[in-house]
Structure formats: structure tokens, C-alpha cells
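Thanks for sharing this one. Here are my notes, written to be read with the structure open beside them.

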Amino acid sequence: MTKLRSGDVLRSDQFTKEEIDLIIETARQYEATLDAGEVLDTMRGLVLVTLFYEPSTRTRLSFEAAMLRLGGGVITVAEAKSSSAAKGESLHDTIKTVEGYADVIVLRHPQIGAAKEAADATNLPVLNAGDGAGQHPTQSLLDLYTILKEHENVDGLTLALTGDIKNASTVHSLALLLSNYDVEFVFAAPDALRMPTEIVDRVRAAGIKVTESTDLATAIRKADVLYMTRIQRERFEDPDEYESLKDAFILRREMLFDAKSNLTLMHPLPRVNEIVTDVDDYPGAAYFRQSANGVPIRMALLALVTDRA
Ligand code: CP
């Protein structure tokens with residue numbers, strides 16, 4: 001019996017506040033052990049399989065680094081075309097196969113709901129590493145961890161989620177996860193890329209104040225945390241629509257003159273052009289610190305779902 005109610009991590013809204021606190025505290029402890037140079041064997045004898053049917057740098061490598069830091073082993077499929085999915089094998093059959101090889105599964109897949117489908121096919125823990133435009137819950141937990149490190153407290157903050165918030169699974173998960181806290185949201189996007197109504201309605205139903213805007217400047221002015229996202233070319237059916245929107249929200253250094261003094265800039269990465277590189281040395285630019293936080297959070301999740309924490 002794990003300390004979490006579910007052995008799978010499929011959605012950010014599956015967690016109670018107590019579970020979120022446990023994950024954050026476990027990650028803090030692992031980060032302290034890493035900082036102290038300690039070598040862990042928490043996961044010795046266990047194998048993680050990472051199945052990535054869409055590109056990834058941070059999520060796959062930080063999961064694999066996390067497993068290795070915990071003393072476990074890793075096997076991987078880094079692209080669908082190098083697996084039997086390219087021959088027409090179903091996700092169900094792939095999952096039934098890898099359960100003979102591994103103890104925990106991390107899956108990125110283009111289809112919304114794929115992680116749930118995988119979890120239904122196996123008793124092994126399945127962690128959703130992004131299911132298309134659906135959810136990316138482990139990213140949201142590392143985002144929360146980052147906010148707590150940068151600001152100490154989440155309550156009282158205004159978070160502006162901006163860019164392609166229609167298609168970015170990261171912001172869908174983050175909005176739902178942070179609905180456990182006393183925050184305000186600004187959802188800022190071009191009209192065609194607005195936050196899905198279902199997410200807006202659920203956040204408002206949790207008692208959170210939401211302002212919707214088509215203006216990046218408004219988001220910058222109001223935010224304690226400005227969360228940028230890339231316009232997700234792979235989610236557009238019409239290439240011309242992508243071309244018309246790809247430069248809609250670009251953050252330049254001079255646009256930060258009106259920002260609050262303690263502004264934190266976040267981005268799940270990869271970025272394309274939406275944050276100009278001269279922003280990188282802005283003191284609140286936390287996006288590379290954010291990506292590094294993926295390791296302790298994913299150590300915590302791997303250890304908790306396998307009952308090794
Ligand atoms: N943030 C994130 O999911 O990055 P990758 O696509 O590189 O995994």
C-alpha cells in the first residue's frame with residue numbers, strides 16, 4: 001500500500017492537499033540528499049521503463065536521472081517509430097509487454113487519455129508524462145515546487161498563464177493543481193488559444209478569481225508568477241493558422257519594466273521564440289532552475305508510487 005491513494009499519476013487533480021504536501025516534502029528531502037552528495041539505493045533492484053511517443057528532453061531525462069539517482073535501472077523507448085507501435089501494435093499490447101520487463105512505467109503519448117488507458121492495462125504504476133493536449137501532472141508538481149522555492153508561499157500569489165494555453169497540457173494541469181491554494185489567475189492568450197472552458201469553469205468553481213485577457217502586457221503587470229508557454233505547432237491542423245499565431249506572445253526584456261519587483265518567470269520549456277534570450281539574466285527568470293527541479297520531484301514520485309519512499 002503506497003502513501004498515495006493511487007499508485008498511478010495520471011492527472012494533477014487526483015491529489016489531495018495532504019498528498020501534494022507529502023510529494024513536496026519528499027522531494028525536499030531528496031534534494032537535500034543530492035546537495036549533500038549522498039548516494040541512494042532506495043530503488044535498487046527496480047527497473048523504470050520510459051515510453052516516449054512524442055519528443056522530450058526534460059521529462060524523459062529527468063525521470064531517468066531520478067531513477068538512477070535512486071539506485072534503480074532504466075530502459076527506454078525514446079520515439080514511437082523505434083518501437084513496435086510503428087508496426088501497428090496497440091498501446092495496450094505494448095504495456096502488457098513492458099510489464100514483463102519493468103516495475104514502473106512513464107508514458108508520453110500524443111492522445112488525450114493514453115496514460116489512463118495504459119494504467120487500465122496493468123497493475124504497475126503508470127506516470128503520465130504528457131498525454132497530448134490533456135495533462136502533464138508531474139510537470140505541475142515540479143512547477144509548484146519551483147514556486148515554493150522562489151516565493152516560499154503560494155497563497156496570495158497572482159499567476160498569469162500565457163501563450164498557447166488551449167493546447168499546453170502543462171497549464172491545464174497547473175491551473176487545477178493550484179486550485180488547492182488561495183491564488184488568483186490571469187489566463188492570457190490570443191483569442192484562438194484561450195484556456196479550455198472546462199478548466200476555467202473548474203477553477204472558478206473552486207472559488208478562484210480568474211481574469212481572461214488577450215494581452216500579454218496586462219498579464220505582466222498583474223503577475224507574481226508569469227508562466228509562458230510555446231505555441232504548440234504540432235497541435236495545429238492548419239499550418240497557416242500556426243503561422244498567423246506563432247509570434248503572438250513574445251516576451252522581451254523591455255516589457256518587464258512594468259512588472260512587480262518580485263516577478264518569477266517560468267516556462268516548461270522547450271521555448272521557441274516566446275522569451276527573447278536577453279530575458280535569461282533577469283533575476284526572476286527561473287525556467288532553467290524550474291527544469292532542474294524535475295529531478296527531486298520525480299525522485300519523490302517514483303519512490304512514492306513504488307512504496308520505497
Ligand atoms: N517541460 C517538458 O515537458 O519538456 P520536454 O518536452 O522536454 O519533456
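The points below start at the ligand and then turn to the salt bridges.

1. A word on the source before anything else: this is a predicted model, so please read every distance here as computed from that prediction.

2. Start with the ligand's surroundings. One run of neighbours is Pro55, Ser56, Thr57, Arg58 and Thr59, and the shell also includes Arg108, His136, Gln139, Pro268 and Leu269. By character, these shell residues split into three nonpolar, five polar and two charged.

3. Which side chains offer polar atoms to the ligand? Two to look at are those of Thr59 and Gln139. In Thr59, a polar side-chain atom sits 2.6 Å from a ligand oxygen. For Gln139, an N or O atom of the side chain is 3.0 Å from a ligand nitrogen.

4. The backbone takes part as well: a polar backbone atom of Pro268 lies 2.8 Å from a nitrogen atom of the ligand. On its own the ligand has 260 Å² of accessible area, and the protein covers 92% of that.

5. Where does the ligand sit with respect to the pockets? The space it takes is the largest pocket.

6. Away from the ligand, the model has 22 salt bridges, counting a Lys or Arg side-chain nitrogen within 4 Å of an Asp or Glu carboxyl oxygen. One of them is worth finding on screen: Arg202 pairs with Asp13, with their closest N and O atoms 2.8 Å apart. This pair joins distant parts of the chain, 189 residues apart. Arg202 belongs to helix α7 (residues 197–205), while Asp13 is in the segment before α1 (17–35).

Technical notes:
Residues numbered from 1 in each chain as written. Predicted model: local features only at pLDDT ≥ 70, side-chain atom pairs only at ≥ 80, totals over all residues. Heavy atoms only, no water. Near = heavy atom within 4 Å. Polar contact = N/O pair within 3.5 Å; in protein donor to acceptor, adjacent residues only side chain to side chain. Areas by Shrake-Rupley, 256 points an atom, 1.4 Å probe, with all protein chains shown as cover. 1 Å grid on protein atoms, 1.4 Å probe; cavity = no way out; pocket = protein on both sides within 12 Å on 5 of 7 lines; lining within 4 Å. Sits in = over half its atoms within 2 Å of the grid points. Nonpolar A, V, L, I, M, F, W, Y, C, P; charged D, E, K, R; others polar. Helix = DSSP H or I, 4+ residues; strand = E, 2+ residues; numbered from the N terminus.
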